[in-house]
Amino acid sequence: MYTIKNEHKLIPWGIFLRWKCIRCGRCCSLLRVRLLEDEVKYLTEKYGDVVEYIGNEPYLKHKSDGCIFLTYENGMAKCTIYEDRPLVCRVYPFYIRKWRDIKRDIPIESIRDVLFRYRGRKYGVYVSNICMGLGIGMPIEIEIRKAIREKYFKTHIPSEKDKRITSYSAITT
């Protein structure tokens with residue numbers, strides 16, 4: 001994701017105790033959704049002309065008031081492709097990187113607030129400052145674990161090879 005306005009900053013997760021999506025729609029309005037190549041293919045096949053390139057990078061198209069899939073129902077933000085939403089949307093407001101990839105860039109005084117351990121692995125975790133749900137809801141550690149599982153332990157869009165393997169497994173079991 002990148003911001004349309006210059007107010008977006010990443011903050012170490014450890015500053016916050018809780019998080020909950022309050023469906024305000026700020027993330028969908030202010031940020032652009034960068035896509036993985038598998039997501040580009042899947043979303044284009046399923047929804048048509050929904051991808052635009054900025055430089056060489058693919059993003060979901062954006063209208064003047066936000067993501068093309070953002071709507072509002074009874075004053076609450078709603079994603080019209082919620083079940084198919086891209087990975088970056090699934091893990092928002094968390095920005096997660098493997099610790100080995102970022103540990104050199106973290107100031108010593110921030111390590112405690114950035115480092116997160118899960119299943120014996122280390123991650124660097126930040127949160128987006130534009131999220132209005134920070135400080136309310138479930139303990140933030142629970143939500144970070146969910147986001148890490150989503151990012152590193154799940155397959156989101158099955159490739160053709162994965163579909164063949166699944167089909168084959170179904171026949172042999």
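The nonpolar cores and the charged side-chain pairs of this predicted model are described below.

The largest nonpolar core holds 30 residues, and those touching the most other members are Phe 94, Val 125, Ile 140 and Ile 144. Two or more residues are given to this core by each of the helices α1 (26-30), α3 (87-91), α4 (99-102) and α6 (140-152), and by each of the strands β11 (94-98), β12 (115-118) and β13 (121-128). Beyond its neighbours within four places in sequence, Ile 144 contacts Trp 13, Phe 94, Phe 116 and Val 125. Another core, of 13 residues, lies apart from the largest one and includes Val 51, Ala 77, Ile 81 and Val 88.

The count of salt bridges is 10. One of them joins the side chains of Arg 90 and Glu 150, with an N to O distance of 3.8 Å. This pair links distant parts of the chain, since Arg 90 lies in helix α3 and Glu 150 in helix α6, 60 residues apart. Arg 90 is partly exposed at 25% relative accessible area, whereas Glu 150 is buried at 12%.

Helix α6 also contains Glu 143 and Lys 146, which are three residues apart and therefore separated by about one helical turn. Their salt bridge has its closest N and O atoms 3.5 Å apart. Glu 143 is buried, at 10%, and Lys 146 is partly exposed, at 39%. In the salt bridge between Arg 112 and Asp 113, the corresponding distance is 3.6 Å; Arg 112 is exposed, at 69%, but Asp 113 is buried, at 18%.

Lys 46, in helix α2 (residues 37-47), is partly exposed at 46% relative accessibility. Its side chain forms a polar contact of 2.7 Å with that of Asp 84. The two residues are 38 positions apart along the chain, and their C-alpha atoms are separated by 9.6 Å.

Terms used:
Residues are numbered from 1 along each chain as its sequence is written. This is a predicted model: local features need pLDDT of at least 70, side-chain atom pairs count only at pLDDT 80 or more; totals for chains, interfaces and linings use all residues. Side-chain values use heavy atoms; hydrogens and water are left out. A nonpolar core is a set of buried Ala, Val, Leu, Ile, Met, Phe, Trp, Tyr and Cys residues joined through side-chain atoms within 4.5 Å. Buried means under 20% relative accessible area, exposed over 50%, partly exposed in between (1.4 Å probe, protein chains only). Helices (H or I, at least four residues) and strands (E, at least two) are DSSP runs, numbered from the N terminus. Contact means heavy atoms within 4.5 Å. A polar contact is a pair of N or O atoms within 3.5 Å; within protein, one must be able to donate a hydrogen and the other to accept it, and residues adjacent in sequence count only if both atoms are side-chain atoms. A salt bridge is a side-chain nitrogen of Lys or Arg within 4 Å of a carboxyl oxygen of Asp or Glu.
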